[in-house]
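Trainee: I am new to this structure and would like a close look at a single part of it. Could you take one helix and describe how it sits among its surroundings?

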Amino acid sequence: LKELNKDTVAYLKVNNTNIDYVVVQGKDNEYYLTHNFNKENNKSGWIFMDFNNKLDGEDKNITMYGHNTVDKSMFGSLRRGLTDEWYEKEENRKVILVTENGMNKYEVFSTYKIEKEDYYIRTYFKDEEEFGRFVKELKSRSIYDYKVDVSSNDKILTLSSCIGDGTKRVVLHAKLVK
């Protein structure tokens, strides 16, 4: 895949959604909003990782974005995480992220809808205490209690997409478990 697009950084799969994609990373968070995997202009864009993330094992919050498309491609099916039907099936709470360093398994601990903001997509924290407050806030925002303990020692994955008229975001957070 890197031979097809040198921006390839990972592969992402979220159970019981259409999220089953190669993930790219641009030099900013704008390019892949309007370009597909083949770097062609495309209004659906592509799934991309925040340009601030490194996948070096040090990042506490790896953040990924994708458009909320009508045909439910890209992150168009992420909103399923806001439904009782999705929440009630435990197998849906598993997220797989494959990188050059191996396969990482995550467990969902928070899903919600929120006004457009930058807080939940932070990629830098001055210390573990600040990160601990951050994950506590993310967990408190969830519309469901996933009964997953998250602490300042954990690493998390954040998936974000616009919803509705673009002024709101649907967000899923998952904790690295393996």
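Mentor: Keep in mind from the start that this is a predicted model. Let us take helix α2, which spans residues 128-141. Its 14 residues reach 20 Å from the first C-alpha to the last, close to the 20 Å expected at 1.5 Å a residue. At the N-terminal end, D127 acts as a cap, with a side-chain oxygen placed 3.2 Å from the backbone nitrogen of E129.

Turning to the sides of the helix, the buried residues of α2 are E130, F131, F134, V135, L138 and R141. They lie on the same side of α2, because they cover an arc of only 135° around the axis. On the other side of α2, by contrast, E129, K136 and S140 are exposed, so that E129 appears both in the contact with the cap and among these exposed residues.

The buried residues of α2 pack against four strands, namely β4, β6 (102-115), β7 and β8 (168-176). One of these, β4, covers residues 61-65, and five of its five residues are buried. In β4, N61, T63 and Y65 point one way, while I62 and M64 point the other way.

Strand β4 also has strand partners: β7 (residues 156-163) runs parallel to β4 and is joined to it by five bridges, with T63 standing opposite T158 in β7. Strand β3 (residues 48-49), in turn, runs antiparallel to β4 and is joined to it by two bridges, and here M49 stands opposite M64.

Technical notes: Residues numbered from 1 in each chain as written. Predicted model: local features only at pLDDT ≥ 70, side-chain atom pairs only at ≥ 80, totals over all residues. Heavy atoms only, no water. Buried < 20%, exposed > 50% of the residue type's maximum accessible area, 1.4 Å probe, protein only. Pairing = 2+ DSSP bridges. Expected span 1.5 Å × (residues − 1). Arc of directions from axis to C-beta. Contact = heavy atoms within 4.5 Å. Polar contact = N/O pair within 3.5 Å; in protein donor to acceptor, adjacent residues only side chain to side chain.
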